[in-house]
Every structure is written in C-alpha cells, then in structure tokens.
Amino acid sequence: MMMQRLLAVAIVGACFLTGGLSREAAAGVSGNSYDVTVYLGFRNSSTDIWIFDVEGNFYTENDNYVGTYTETDFRFISTFEATASSPVMETGISEEPITVEYSGISFNNVIFASGSSSEGTNYFVIGNLVIVQPE
C-alpha cells in the first residue's frame, strides 16, 4: 500500500517537474549515486550517499552497508528494491549483521524510498542525484 502511494506521488511529481511524460527522460538508479536524507522519525534524520553500480550492487558510503538491488525502469520513472547488510565488528561476541531493506521509486534526479531494518527500525528516504565532476 505504501509503495502504491509513493508511486502515485512520484508519477504526479514527474509529470509536473518534467513538463509531461517526455520520451527523453530516463529515471533509472543504475550507475548513479544519490545524496540522501534518511528519516527515522519526525525529528531523527541522517545523511548518506547511496551508490547503485551497473552490476546490481548497492552500498552506502557513510553507514557502510553493502548489498544488491533490482530495478524496473519504465522510461520516465523506475522502481527499485535494495537489500544490504552492515559489517560485523570484531568484538569477540557472536553478532548478526544488521540488514536493511528498501523499496522506492526514482524519477528525474530524485528518489523516494521506505524501508526497515532487521532491528525493527522503519525508514523514509528522500534523495537527489549526485553529479560527479570529472577529474
């Protein structure tokens, strides 16, 4: 249900921001990086960089989560699902890595996602495309 609402909002926003359903617009996350704000509640948020490489790998720069993603690209909008795990610290105590799962949409240069962690934390994410300047 949440994904359907996000998709509806994204379609309306994409039409508004791009001036309609332009055939030149591409929406996919593959091969892109996004500067994101992750909301854990109304007052709790953090920022991170999400990276989606072209081989289907997903990772976060600051939180060090590493995993995979799948994407369905509808030309002007795309949906994606990502799963990643945190590294386990060498503490001598048997610990399970924290796993996060996200599902979201992207259009133009923006992504919206919601997700949860294996610890029971729920997230809402908003981000924009990071343009990497050539060296």
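In this report a residue is called buried when its relative accessible area is under 20%, exposed when that area is over 50%, and partly exposed in between, with a 1.4 Å probe and protein chains only. By that definition, both phenylalanine 52 and phenylalanine 80 are buried.

The structure is a predicted model, in which local features need pLDDT of at least 70 and side-chain atom pairs count only at pLDDT 80 or more, while totals for chains, interfaces and linings use all residues. Residues are numbered from 1 along each chain as its sequence is written, and side-chain values use heavy atoms, with hydrogens and water left out.

## Overall fold

The protein chain contains one helix and eight strands, where helices (H or I, at least four residues) and strands (E, at least two) are DSSP runs numbered from the N terminus. Along the sequence these elements follow the pattern α-β-β-β-β-β-β-β-β. The eight strands make a closed barrel in the order β1-β2-β3-β4-β5-β6-β7-β8, and their pairing is antiparallel; two strands are said to pair if DSSP finds at least two bridges between them. Within this sheet, neighbouring strands are turned by 30 degrees against each other on average, with direction ignored, the axes being lines fitted to C-alpha atoms (for helices over the stretch in contact) and angles running from 0 to 180 degrees between N-to-C directions.

Of the 135 residues in the protein chain, 35% are buried. The accessible surface of the chain comes to about 8400 Å², and 53% of that surface belongs to carbon and sulfur atoms; accessible areas come from the Shrake-Rupley method with a 1.4 Å probe, and for residues only the protein chains shown count as cover. Among contacts (heavy atoms within 4.5 Å) between residues at least 6 apart in sequence, 41% join residues at least 24 apart.

## Strand pairs and turns

Strands of a sheet pair through backbone hydrogen bonds, either parallel or antiparallel. Three antiparallel pairs from the middle of the barrel order are set out below.

| Strand pair | Bridges | Residues opposite each other |
|---|---|---|
| β3 (residues 57–60) and β4 | three bridges | tyrosine 59 and valine 66 |
| β4 (residues 66–73) and β5 | eight bridges | threonine 70 and glutamate 81 |
| β5 (residues 78–85) and β6 (residues 99–107) | eight bridges | serine 85 and threonine 99 |

Further partners fill in the picture: threonine 68 stands opposite threonine 83 in β5, and threonine 79 has isoleucine 105 in β6 as its bridge partner.

Two of the turns can be described in some detail. The hairpin of β3 and β4 has five residues between the strands, and asparagine 64 in the turn has a positive phi of about 60 degrees. In the hairpin of β4 and β5, where four residues lie between the strands, arginine 75 takes a positive phi near 80 degrees. The loop between β5 and β6 holds serine 86, which is buried with a relative accessible area of 14%. Leaving out residues up to four places away in sequence, serine 86 touches Asn64, Tyr65, Pro97 and Ile98.

## Core and aromatic residues

In soluble globular proteins, nonpolar side chains tend to be buried together. A nonpolar core here is a set of buried Ala, Val, Leu, Ile, Met, Phe, Trp, Tyr and Cys residues joined through side-chain atoms within 4.5 Å. The largest such core has 19 residues, of which Trp50 and Phe52 touch the most other members. The elements that give two or more residues to this core are β1 (32–39), β2 (45–52), β5, β6, β7 (110–117) and β8 (122–129). Beyond its neighbours within four places in sequence, tryptophan 50 is in contact with several residues, including Tyr34, Phe58, Phe80, Tyr102, Ile111 and Val125.

The whole structure contains nine aromatic pairs, counted when the ring centres of Phe, Tyr and Trp (its six-membered ring) lie within 6.5 Å, with planes under 30 degrees apart called stacked, over 60 edge-to-face and the rest tilted. The rings of tyrosine 34 and phenylalanine 52 have centres 6.0 Å apart and planes at 80 degrees, so this pair is edge-to-face. It links distant parts of the chain, with tyrosine 34 in strand β1 and phenylalanine 52 in strand β2, 18 residues apart. Tyrosine 34 is buried at a relative accessible area of 1%, and phenylalanine 52 likewise counts as buried at 1% relative accessibility. Phenylalanine 52 also forms an edge-to-face pair with phenylalanine 80, at 5.4 Å centre to centre and 70 degrees between the planes; here strand β2 is linked to strand β5, across 28 residues. Ring pairs join Tyr34, Trp50, Phe52, Phe58, Tyr69, Phe80, Tyr102 and Tyr123 into a cluster.
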